[in-house]
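I opened this structure at the bench to look up a few local features, and I wrote down each one as I found it. These are my notes, in the order in which I made them.

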Amino acid sequence: MLKPEKICDTMPFENGADPTWSRGNSVILRVGDRVFVTNNRVFPRRAPNNRTSLEVYEKRDGGEWKLVFYEEGVYQREPCPILYLGDNKIAVTVNPTVETYPEDMKVHMAPCTPLVYIFDISGEVRLIDTVKLTWDDPDYRFADHSYRSFAIDDINGNLFFTNQYLLKDGGGAHCWTLTDHEFKPLRAGKLKYPVRACYQNIAMRGGETYVFALRDIVEPVQEWKDYKYQVTQQHWDYDFRMVYLNYTPDIASQDFGESVVVCDRDATCGWVTNLDCCWDKNGDLLLLVCAQNVHHAFMRDKFFPGEKLETVLEVYRLKGGKVVDVQCIDKSREEEGSMADYAGFFHTASDGRVYIVWSKSTGLSDNPVPTGTYMTPVDALSAVPVKLLDTFGRIFGSKTRLGAGRSDVIDLYWPDGNKAIMYACCDLRNL
């Protein structure tokens, strides 16, 4: 069993400061025997939402976690994904607010400028450059609520970035930009969805690009919306029941095709989470999904009486932008009112073998009961999973599609009770 250690203390997460807001990316990165983590320092005296600032922590093999970068006086809202560029350089995306606000002023959708910070890690960590990305429209209105994402092409080194911009009606949409390894603009455009979609997972190899996103809209079925409000007295109820895919065989020369739905629980008022995506060693694209058939037992009792609640953790396999196979890793059916929730990510070992690192909890979402964190090889899903931790957390890992490279060391990062950032690692060669 792994031994967890604390990276740092943190203020309670809220309003997007939680790393789970960045589920399509990663805030932890391994480069050789060094591990880097980005964290949001939350300022208790500032009113939400844009009240966090970037921190970077580093751990060298056998050493302690150290704060190696802290940005003072620059405020934003959401986690800062991290990526390895090669040549002893790492990149961190930030969405700092354009203006400064009084500490007691609550600011929503504060104007921002998407930037990329470049750090030299050949010795001590040093900020050496700041890149302002170029989009297809210079007048986009970007805000602190960004849902941004990015990936690196591990064949040609090109970089792909997405960011949410504000529409005139107050809604949000996503644009993208492609650069070469030196951040020279190559192409740019918009991601087209039938409605708003967020939480992108991106994978790019040799120009072939997959962008997965969750449908992110207020409950669209009026009857369901009315009943939810009757029970919860909350108008704020977003629907995450569809995973969209935008695909192109070569982003350098071809635009994305129309978005298609690759997974949904729409008919039964369920929910879906697109946890991660990864290239298999045979060139297939893998998508990790958690889904539940009906969201909320009270919705089942009212609209789908007799239906047993079921939550699944599944791997979708895609070729050429199309789903060719779906396999279940774990499943939870309703028993004594206790249901499971899953989180996880893909990890690629040095020999190219892909593993799923996943965690499971049961009980109510506001009081989860941990059952453990496990590891399962993608090519042996029927095998008994290896248990790594008793602790449950919405775990993150260092990802090859973010430039981490293949490694026999699996790194895990998770927020613990919204008070601390935790870390553990294991060596596949010792299991």
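**Entry 1: the sheet with β1, β29 and β28**

I began, in what is a predicted model, with an open sheet of 3 strands, whose order I read as β1-β29-β28 with antiparallel pairing. The edge strands are β1 (5-9) and β28 (409-416), each of which pairs on one side only. From one strand to the next I noted a twist that averages 25°.

I then followed the pairing of β1 with strand β29 (residues 420-427), which is antiparallel and runs over 4 bridges. Within this pair I found D9 opposite A420 of β29, and E5 opposite Y423 of β29. On the other side, β28 and β29 also run antiparallel, and here I counted 8 bridges joining them; V409 has D427 in β29 as its bridge partner. When I looked up how far β29 is covered, I found 7 of its 8 residues buried, so I take "buried" here to be under 20% relative accessible area.

**Entry 2: the sheet from β10 to β13**

Next I turned to an open sheet of 4 strands, in the order β10-β11-β12-β13, again with antiparallel pairing. Which strands stand at the edges of this sheet? They are β10 (149-152) and β13 (185-191), and because each has a single partner strand, one side of each is left without a neighbour in the sheet. Direction ignored, neighbouring strands of this sheet are turned by 20° against each other on average.

I looked in detail at strand β12 (residues 172-179) and β13, which pair in the antiparallel sense over 6 bridges, with T179 standing opposite P185 of β13. The loop between β12 and β13 holds F183, which I marked for its positive phi of about 70°, although F183 is not a glycine. Is F183 buried or exposed? Its relative accessibility is 14%, and since the cut-off for buried is under 20%, F183 counts as buried.

**Entry 3: a second residue with positive phi**

I also noted H296, another non-glycine, with a positive phi of about 85°. I placed H296 in the loop between β21 and α2 (297-303). At 26% relative accessibility H296 counts as partly exposed, because this value lies between the limits of 20% for buried and 50% for exposed.

**Entry 4: β6, β7 and their hairpin**

For strand β6 (residues 82-86) I found that 5 of its 5 residues are buried, so that I wrote it down as mostly covered, with the limit again under 20% relative accessible area. The partner I followed is strand β7 (residues 89-94), which runs antiparallel to β6 and is joined to it by 4 bridges; I82 has V92 in β7 as its bridge partner. The hairpin of β6 and β7 has 2 residues between the strands, and in it D87 takes a positive phi near 55°.

**Entry 5: the second largest pocket**

I came back to β6 when I looked up the second largest pocket, for which I noted a volume of about 250 Å³. Its lining consists of 20 residues, and those that lie nearest its centre are D154, R205, T400, R401 and G405. Which elements give two or more residues to this lining? They are β6, β14 (197-205) and β20 (271-279), and β6 gives the most, with 3 residues. Sorted by class, I recorded 7 nonpolar, 6 polar and 7 charged residues in the lining of the second largest pocket.

**Entry 6: D280 and L288**

I went on to D280, which I found in the loop between β20 and β21 (285-292). Because its relative accessibility is 9%, D280 counts as buried. I asked myself which side chain makes a polar contact with the side chain of D280, and noted the side chain of R317, at 3.0 Å.

My last look was at L288, which has its place in strand β21. With a relative accessible area of 0%, L288 is buried. I also noted that L288 and C277 are 11 residues apart in sequence, while from C-alpha to C-alpha they are 6.1 Å apart in space.

Technical notes
Residues are numbered from 1 along each chain as its sequence is written. This is a predicted model: local features need pLDDT of at least 70, side-chain atom pairs count only at pLDDT 80 or more; totals for chains, interfaces and linings use all residues. Side-chain values use heavy atoms; hydrogens and water are left out. Buried means under 20% relative accessible area, exposed over 50%, partly exposed in between (1.4 Å probe, protein chains only). Two strands pair if DSSP finds at least two bridges between them. Axes are lines fitted to C-alpha atoms, for helices over the stretch in contact, and angles run from 0 to 180 degrees between N-to-C directions. On a 1 Å grid over the protein atoms alone, a cavity is a set of points where a 1.4 Å probe fits but cannot get out, and a pocket is an open set with protein on both sides within 12 Å along at least five of seven lines; lining residues have an atom within 4 Å of a point. Grid points are joined across faces, edges and corners, and a volume is the space filled by probe spheres set on the points. Ala, Val, Leu, Ile, Met, Phe, Trp, Tyr, Cys and Pro count as nonpolar, Asp, Glu, Lys and Arg as charged, and the others, Gly among them, as polar. A polar contact is a pair of N or O atoms within 3.5 Å; within protein, one must be able to donate a hydrogen and the other to accept it, and residues adjacent in sequence count only if both atoms are side-chain atoms.
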